[in-house]
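Biologist: I'd love a close look at one part of this model, the charge pairing between side chains. Could you begin with how far the prediction can be trusted?

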Amino acid sequence: MTPHTPSPDDPTTSNNTHTGDNASASDGGGASADLTDFTIDLTAQEVLRRAQVIQALGPHWNPLDTLLAEEAAHNLLYSGLDPHQQHLYNTLVTAGILPNPKSGHAAP
C-alpha cells in the first residue's frame, strides 16, 4: 500500500509544511494503469447450464405433466375463497401482481 503523504492544507498536520516530492501511485504497489480484458461467452455458459439442468432432471421428467400439476395446484390454491379473500385476489389480479387465470399463468 502506498503511504499517505499529507498535503500542506491537511488540517491534521497543522504547523507542518510539505517539502517532499509527491511520489506517483504506481511506485508503491498502487493500481496498474493497464487493464485486463475480462469476457465471458454467456451464450456458451447458458447452453452448458441448460444442459446440466436437463441432465439433473433426469430421463423421467415430463414437462407436460409438470405443467398440468402446477396448473392444478394453482387452481386449488385460489379455490374456495371467502368474499373478502376473493376481493383481495381480484384486486391483485387487476393490479398485475398475480397472473390472470383467463390469460394463462405466464407473467405479462
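Modeller: Happy to: here is the overall picture, followed by the charge pairing, residue by residue.

This is a predicted model, so local features need a pLDDT of at least 70 and side-chain atom pairs count only at 80 or more, while totals for chains, interfaces and linings use all residues. Residues are numbered from 1 along each chain as its sequence is written, and side-chain values use heavy atoms, leaving out hydrogens and water.

The mean pLDDT (the predictor's confidence in each residue, from 0 to 100) is 76 for the protein, with 66% of its residues at 70 or more. Residues 16–26 fall below 50, and beyond near neighbours in sequence this stretch makes 5 contacts in the model (heavy atoms within 4.5 Å). Where pLDDT is low, the predicted coordinates should not be read in detail. Among the elements, mean pLDDT is lowest for α2, at 89, and highest for helix α3 (residues 83–94), at 94.

The protein has 3 helices and 0 strands, giving the pattern α-α-α along the sequence. Helices (H or I, at least four residues) and strands (E, at least two) are DSSP runs, numbered from the N terminus. Of the 108 residues, 6% are buried; that means under 20% relative accessible area, with exposed over 50% and partly exposed in between (1.4 Å probe, protein chains only).

Now to your charges. Side chains of opposite charge can pair when their charged atoms come close. A search of the whole structure finds 2 salt bridges, each a side-chain nitrogen of Lys or Arg within 4 Å of a carboxyl oxygen of Asp or Glu.

Glu46 takes part in a salt bridge with Arg49, 2.7 Å from N to O. Those two residues sit 3 residues apart in helix α1, so about one helical turn separates them. Glu46 also bridges to Arg50, where the closest N and O atoms are 2.9 Å apart. Here the spacing is 4 residues in helix α1, which again means about one helical turn. Together, Glu46, Arg49 and Arg50 form a network of salt bridges.

How covered are these three? Glu46 is partly exposed because its relative accessibility is 29%. Arg49 is partly exposed too, with 42%, whereas Arg50 counts as exposed at 52%.

Finally, follow the chain from α1 (42–57) towards α2 (63–77), and you will find Trp61 in the loop between them. Trp61 has 38% relative accessibility, so this residue counts as partly exposed.
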